[in-house]
Amino acid sequence: QVDAQTGRMVGVEALVRWQHPQRGLLYPGAFIGVAEESGKIADMGVWTMAEACRQLAQWKRQGLVVGTMAVNVSALEFRDHRLLQSLQQALTQSGIAAAELEIEITESVLMTETDTSQRIIDRMRELGVGIGIDDFGTGYSSLSYLKRLRPNQLKIDRSFVNDAATDSDSRAIVKGIMGLANALGLTVVAEGIETLE
């Protein structure tokens, strides 16, 4: 993540890939569904959280400043009773500050089990972990959860960003999300920026 005004790196995101022995490098679309169906997604989430925190700590020891580390949490992981425990354990083992970690969740996570979601997010906030809404605008965008859950960050989905230069509707949506986020004091990340324009 790069600050649009200064060009300075302000964050990175942990993205899971699988180096398969026969099929080569696989992206999440090829294995996340299977991990969810087989019940392994929570274990994968625990490993990813620990590895992301370990990597950030290693970079810091090497003198590399990359900003915050964002980690995606799926709806199934979010409802797993081990999430908060594994989160705390990853922070403790790595030695990074909670404020250096941001948990990214999608709108669909927030639309189900809102009381449970609220409790988990409240606990994350108590720990000092940042909360970001990933792919904002592509799910069932409910403005009430922005008021209730108060995330730190909104990530505008790349489908809007890709067309913003040429499509007035996409441009209006991006401007609208940015205006809303600015009014609420939230950081905005635009996914998939490829050009200066």
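The legends below describe three close-up views of a predicted model. Residues are numbered from 1 along each chain as its sequence is written. Local features need pLDDT of at least 70.

**View 1. Helix 4 (residues 83–94) and its two faces.** Helices are DSSP runs of H or I with at least four residues, and strands are runs of E with at least two, numbered from the N terminus. The end C-alpha atoms of helix 4 are 16 Å apart, which agrees with the 16 Å expected for its 12 residues at 1.5 Å a residue; the expected span is 1.5 Å times one less than the number of residues. Leu 83, Ser 86, Leu 87, Ala 90, Leu 91 and Ser 94 are the buried residues of helix 4. Seen down the helix axis, these buried residues fall within an arc of 135°, so they line one face; the arc is that of the directions from the axis to the C-beta atoms. The face turned away from the buried side carries the exposed residues Gln 85, Thr 92 and Gln 93. Buried means under 20% relative accessible area, exposed over 50%, and partly exposed in between (1.4 Å probe, protein chains only).

**View 2. Gly 95, just after helix 4.** Gly 95 takes a positive phi of about 85°.

**View 3. Gly 176 in helix 9 (residues 168–184).** Gly 176 counts as partly exposed because its relative accessibility is 40%. The C-alpha atoms of Gly 176 and Ala 99 are separated by 28 Å. Along the chain, Gly 176 and Ala 99 are 77 residues apart.

Key. This is a predicted model: local features need pLDDT of at least 70, side-chain atom pairs count only at pLDDT 80 or more; totals for chains, interfaces and linings use all residues. Side-chain values use heavy atoms; hydrogens and water are left out.
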